[in-house]
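Me: Before I rely on any label in this model, I would like each one set against its definition. Please start from the lining residues and their classes.

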Amino acid sequence: MAAAALSLNNSTSTNSPTLNSHKPISKFTSLTKPTNVSFNFLTNTPPRLQHFRPRPSVSESSLSVPKEADAEIEADDVEDDPTQELSYLDEETDPESITEWELDFCSRPILDIRGKKIWELVVCDGSLSLQYTKYFPNNVINSITLKEAIVAICDDLGVPIPEKIRFFRSQMQTIITKACKELDIKPIPSKRCLSLLLWLEERYETVYTRHPGFQKGSKPLLALDNPFPMELPDNLFGDKWAFVQLPFSAVQEEVSSLESKFVFGASLDLDLLGIEVDDKTLIPGLAVASSRAKPLAAWMNGLEVCSIETDTARGSLILSVGISTRYIYANYKKNPVTTSEAEAWEAAKKACGGLHFLAIQEELDSEDCVGFWLLLDLPPPPV
């Protein structure tokens with residue numbers, strides 16, 4: 001069975017894309033045998049942050065410990081005390097180089113001495129060279145509090161006001177955007193806050209669940225949106241696409257070319273995220289061909305591309321971008337062959353811990369990409 005390239009857009013029939021055959025992709029390996037895709041990962045565990053717990057400077061929160069649970073903390077145990085706040089800057093990092101932050105401002109499954117949920121500000125940069133946490137009572141949650149906290153972080157750690165701040169909760173967009181704009185910071189709604197998302201997962205397990213005020217079974221107050229996918233804007237249509245896979249060594253080459261060849265796209269720090277991949281491991285991806293590949297890649301580059309998933313029930317691909325936007329990226333005619341290939345692609349992505357990629361080319365058999373995004377499909381954080 002030859003791999004299929006499904007039409008993203010057809011000038012004569014945009015609502016009924018047809019199945020098109022194509023030559024084997026010279027750079028990529030087509031997913032021709034869905035049941036025989038092999039993966040050689042060094043670990044089957046979910047990606048974890050490798051060094052998220054440096055020795056912090058700490059300050060005790062007056063909100064975090066009910067009086068009856070308050071106890072004297074030994075100095076040697078202060079790092080492991082779940083009631084403590086974190087303020088850390090890597091000594092080997094140039095403070096001026098930290099220009100982009102990842103930020104979460106949300107309630108936690110922890111009650112304060114009033115019996116109200118504690119809110120927490122969590123800030124880091126993509127490399128975790130900067131890490132900061134601070135608890136707040138629920139009656140001071142506004143843009144003024146956040147603005148003052150951002151300034152305080154910069155003053156305390158000696159870092160400049162960031163140029164950009166990424167955040168992933170749509171419910172906090174108004175507060176975060178207002179605070180950022182008053183400080184001339186560009187707010188970026190994006191689920192590409194991967195260091196932050198994994199750090200929150202880690203904090204849930206090692207901090208929140210050990211806190212004296214932890215409320216087991218408490219559901220997140222601001223759950224992540226998963227809206228019904230919308231139609232794809234005209235400027236994002238390509239001509240053809242195909243499920244493909246690429247050895248990890250080749251993925252690394254594409255990532256390294258993002259700057260050297262001025263290719264559009266985005267990478268991930270896999271070492272930091274704790275993803276260990278053998279060079280020969282095949283990474284699943286989606287190759288998109290377009291006669292206007294460069295303009296298409298440029299448009300995609302401004303969207304904060306997060307992930308791609310298949311919807312075998314509807315026979316479509318779903319593209320997630322930004323903070324809560326999902327597009328129907330393509331439709332295909334459902335049959336046993338296309339369904340099997342879509343399921344194999346999803347299984348391959350799952351075996352990689354969610355790692356996959358999007359490549360934009362002028363032709364499906366082109367040697368070069370004009371756009372390359374390394375993506376990681378993560379479950380929502382537990383808080």
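Reply: By class, 14 nonpolar, 7 polar and 10 charged residues line the largest pocket, where Asp, Glu, Lys and Arg count as charged, Ala, Val, Leu, Ile, Met, Phe, Trp, Tyr, Cys and Pro as nonpolar, and the others, Gly among them, as polar. This is a predicted model, in which local features need pLDDT of at least 70 and side-chain atom pairs count only at pLDDT 80 or more, while totals for chains, interfaces and linings use all residues. Residues are numbered from 1 along each chain as its sequence is written, and side-chain values use heavy atoms, with hydrogens and water left out.

Me: How do you know where the largest pocket lies with respect to domain 1 and domain 2?

Reply: Domain 1 (86-210) and domain 2 (230-376) both contribute residues to its lining, so the largest pocket lies between them; the domain bounds come from an automatic or database domain assignment.

Me: What makes Glu 100 and Lys 164 a salt bridge?

Reply: The definition asks for a side-chain nitrogen of Lys or Arg within 4 Å of a carboxyl oxygen of Asp or Glu, and in this pair the closest N and O atoms are 3.9 Å apart, so the criterion is met. Because Glu 100 lies in strand β5 and Lys 164 in strand β8 (strands being DSSP runs of E, at least two residues, numbered from the N terminus), the pair ties together parts that are 64 residues apart in sequence.

Me: Why are β8 and β9 called paired?

Reply: Pairing requires that DSSP finds at least two bridges between two strands, and 4 bridges join the parallel strands β8 and β9, so they qualify. Within β9, Ile 188 is the bridge partner of Arg 166.
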